[in-house]
Amino acid sequence: MLITFEGIEGSGKTTQIELLSDYLAGKGYGVVKTREPGGTRFGEALREVLLRPGMDVDSLSELLVFMAMRAQHVEEVILPALQDGKVVLCDRFVDATYAYQGYGRKIDLGVIETLNRLVTKGIRPNLTILMNVTAERGLKRKAAASAMDRIEEEDISFHQRVKKAYEKLAKEDPKRFFVVDGSLKVEAIHQVVREKVGNVLKSYGV
Ligand code: T5A
């Protein structure tokens, strides 16, 4: 079972993954918590370079590095965990590339589709939880929490395009996406997420 969390910067994905992971582990599920960009030694090393403030990265190069990291992540972490019957909780996955590189950087969506299919070996999330907050709110949270990385430093219109893109992706695939109001309190969001995930696990007989 692959459950992905998506959303703009500071939407609260990481906070919710931590809570959900602890909750599911407490219920006896085997849980693998992972993230993109990163998730492997190779990916975490590239993440640091890719997000370094001030690094000059061309859009196509950025796309290809995200895809290289995903190929390694699928092969080394996600596929083995799924084969082992684990519940995999992944902080960002394929949809982030459509939202950021496709709609944000305006790279052809067909190219992203082809590369995503290649590097994921056809794996698709069973459930995608989209944390929905305004770009202003998300960026304010991030700015209060830590220094901004290279992508977070993009102008507000870029982040607004990414937010709209996520909403569009969710509308196009309503069976897979579950949209959560990310402006609610942390515990209130966790309750909603927990209930949804519980129902989905039940529907898959997990
Ligand atoms: N990227 C990624 C691409 O461009 N293409 C791709 O294909 C992929 C995979 C790094 C960047 O990579 C880009 C997108 C990103 O720009 P990342 O690792 O997800 O992606 O970035 P992070 O910086 O780790 O995470 P985010 O910025 O997205 O933040 P989160 O995880 O959404 O938010 P979180 O939980 O860390 O919370 C942020 C702050 O808000 C508080 C938290 O305590 C924290 O201080 N908070 C709340 N405050 C009030 N109410 C709530 N409900 C709150 N929930 C959290």
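The legends below walk through four close-up views of this predicted model.

**View 1. Ser11 in its loop.** Let's begin with Ser11, which is found in the loop between β1 (2-7) and α1 (13-26). Ser11 is buried, with a relative accessible area of 1%. Its side chain reaches the backbone oxygen of Ile8 at 2.8 Å. Leaving aside residues up to four places away in sequence, Ser11 touches Met131, Val133, Arg141 and Gly182.

**View 2. Leu63 in helix α3.** Here we look at Leu63, whose place is in α3 (residues 59-83). Is Leu63 buried or exposed? Leu63 is buried, with a relative accessible area of 0%. Not counting residues up to four places away in sequence, Leu63 touches Thr97, Gln101, Ile107, Val111, Ile112 and Leu115. One of these partners, Ile107, lies 44 residues from Leu63 along the chain, and the C-alpha atoms of the two are separated by 8.6 Å.

**View 3. Helix α4 and its surroundings.** Next comes α4 (residues 94-104), a helix that is mostly covered, with 10 of its 11 residues buried. Which residues of α4 are buried? They are Val94, Asp95, Ala96, Thr97, Tyr98, Ala99, Tyr100, Gln101, Gly102 and Gly104. What do these buried residues of α4 pack against? Their partners are the strands β1, β4 (127-132) and β5 (177-181), together with the helices α3, α5 and α7 (156-172). If you follow the chain onward, Lys106, just after α4, takes a positive phi of about 65°.

**View 4. Helix α4 against helix α5.** The last view pairs α4 (residues 94-104) with α5 (residues 109-120). Their axes come within 10 Å and cross at roughly 155°. Angles over 145 degrees count as roughly antiparallel, so α4 is roughly antiparallel to α5. The crossing in which α4 passes α5 is right-handed. On the α4 side, the residues in contact are Val94, Thr97, Tyr98, Gln101, Gly102 and Tyr103. On the α5 side, they meet Leu109, Ile112, Glu113, Asn116 and Thr120. By class, this contact of α4 with α5 has 5 nonpolar, 5 polar and 1 charged residues. A helix rule is handy when reading this view: an α-helix has 3.6 residues a turn, so residues three or four places apart point the same way. Thr97 and Gln101 of α4, seen here in the contact with α5, are also among the residues that Leu63 touches. Ile112 of α5 likewise takes part in the contact with α4 and is touched by Leu63.

Methods. Residues are numbered from 1 along each chain as its sequence is written. This is a predicted model: local features need pLDDT of at least 70, side-chain atom pairs count only at pLDDT 80 or more; totals for chains, interfaces and linings use all residues. Side-chain values use heavy atoms; hydrogens and water are left out. Helices (H or I, at least four residues) and strands (E, at least two) are DSSP runs, numbered from the N terminus. Buried means under 20% relative accessible area, exposed over 50%, partly exposed in between (1.4 Å probe, protein chains only). A polar contact is a pair of N or O atoms within 3.5 Å; within protein, one must be able to donate a hydrogen and the other to accept it, and residues adjacent in sequence count only if both atoms are side-chain atoms. Contact means heavy atoms within 4.5 Å. Axes are lines fitted to C-alpha atoms, for helices over the stretch in contact, and angles run from 0 to 180 degrees between N-to-C directions. Angles under 35 degrees count as roughly parallel, over 145 as roughly antiparallel, 65 to 115 as roughly perpendicular and the rest as oblique. A crossing is left-handed if the near helix is turned anticlockwise from the far one by less than a right angle, and right-handed if clockwise. Ala, Val, Leu, Ile, Met, Phe, Trp, Tyr, Cys and Pro count as nonpolar, Asp, Glu, Lys and Arg as charged, and the others, Gly among them, as polar.
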